[in-house]
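User: Hello! I am new to this structure and would like to understand the labels people attach to its residues. Could you walk me through them?

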Amino acid sequence: MNHRNESISSENPIKFIDFFAGIGGFRKGMELAGHKCVGFCEFDKFAVASYTSMHLLTEEQREYLNTLPIKKRQKEILKDEYRNGEWYASDIREVHSKQLPESDCWCFGAPCQDFSVAGKRAGMDGDRSSLIREIFRLLEEQKEEDRPEWLIYENVKGMLSSNKGLDY
């Protein structure tokens, strides 16, 4: 499907994947703009639990979970059934591009502590910020016609100057 000739509107929403999703800030903004999330990737189990609760539960599921003691609820919500068929991956390093749902846009705010002026400034060599390379690996794995038309990357002060600008 060639999305490049189609206009963006509420009648023709962008389908997007929410990488490094956290609790879903990108998702919330994109959905408020009329777009459709087709999947998300997040490593932190507490963030996944919050994301699932805020964005994916049906009312019936929410009612059921509220009957459970808190400790059981925290484990229960991590089960696949509560994502209601939406694509999910925990670790981007284990994702292959063929697993990704069709999408027009990838949204991501990769862990930025190593880029940030408030961090240690390790740049792409840092343990967490190097995960941004995984987005580009997935793009390279895809055929050109299957790549998303749009990439929305959340910047952090210091990203463009990290490693004297060479990381960018």
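User: Why is Phe 40 called buried?

Analyst: Happy to help, and please keep in mind that this is a predicted model. Phe 40 has a relative accessible area of 0%. Buried means under 20%, so Phe 40 is called buried.

User: Why is Tyr 88 called partly exposed?

Analyst: Its relative accessible area is 23%. The partly exposed class lies between the cut-offs of 20% and 50%, so Tyr 88 belongs there.

User: What makes Phe 40 and Tyr 88 an aromatic pair, and why is the pair called tilted?

Analyst: The count by this rule comes to 5 aromatic pairs. For Phe 40 and Tyr 88, the ring centres are 4.8 Å apart, and the limit is 6.5 Å, so they pair. The angle between their planes is 50°; stacked needs under 30 degrees and edge-to-face over 60, so tilted is the label left.

User: Which parts of the chain does this pair link?

Analyst: Phe 40 sits in strand S2 and Tyr 88 in strand S3, 48 residues apart, so the pair links distant parts of the chain.

User: What makes Phe 43 exposed, and where is it found?

Analyst: Phe 43 has 57% relative accessibility, and exposed means over 50%, so the label fits. Phe 43 lies in the loop between strand S2 (36–41) and helix H2 (45–55). Beyond its neighbours within four places in sequence, Phe 43 is in contact with Ser 90, Asp 91 and Arg 93.

User: Is Ser 97, in the loop between strand S3 and strand S4, buried or exposed, and how do you know?

Analyst: Ser 97 is buried: its relative accessibility is 6%, and the cut-off is under 20%. Setting aside residues up to four places away in sequence, Ser 97 touches Leu 138, Glu 141 and Gln 142.

User: Which residues touch the most other members of the largest nonpolar core?

Analyst: Of its 17 residues, they are Phe 19, Trp 87, Ile 92, Leu 100, Trp 106 and Ile 135. Strand S1 (15–19), S2, S3, S4 and helix H5 (132–141) each give two or more residues to this core, with the largest share, 4 residues, coming from H5. Phe 19, Trp 87 and Trp 106 also form one aromatic cluster.

User: What does Leu 100 touch, not counting residues up to four places away in sequence?

Analyst: Leu 100 touches Ile 17, Phe 19, Trp 87, Val 95, Trp 106, Leu 138 and Gln 142.

Note on methods: Residues are numbered from 1 along each chain as its sequence is written. This is a predicted model: local features need pLDDT of at least 70, side-chain atom pairs count only at pLDDT 80 or more; totals for chains, interfaces and linings use all residues. Side-chain values use heavy atoms; hydrogens and water are left out. Buried means under 20% relative accessible area, exposed over 50%, partly exposed in between (1.4 Å probe, protein chains only). Contact means heavy atoms within 4.5 Å. A nonpolar core is a set of buried Ala, Val, Leu, Ile, Met, Phe, Trp, Tyr and Cys residues joined through side-chain atoms within 4.5 Å. Rings of Phe, Tyr and Trp (its six-membered ring) pair if their centres lie within 6.5 Å; planes under 30 degrees apart count as stacked, over 60 as edge-to-face and the rest as tilted.
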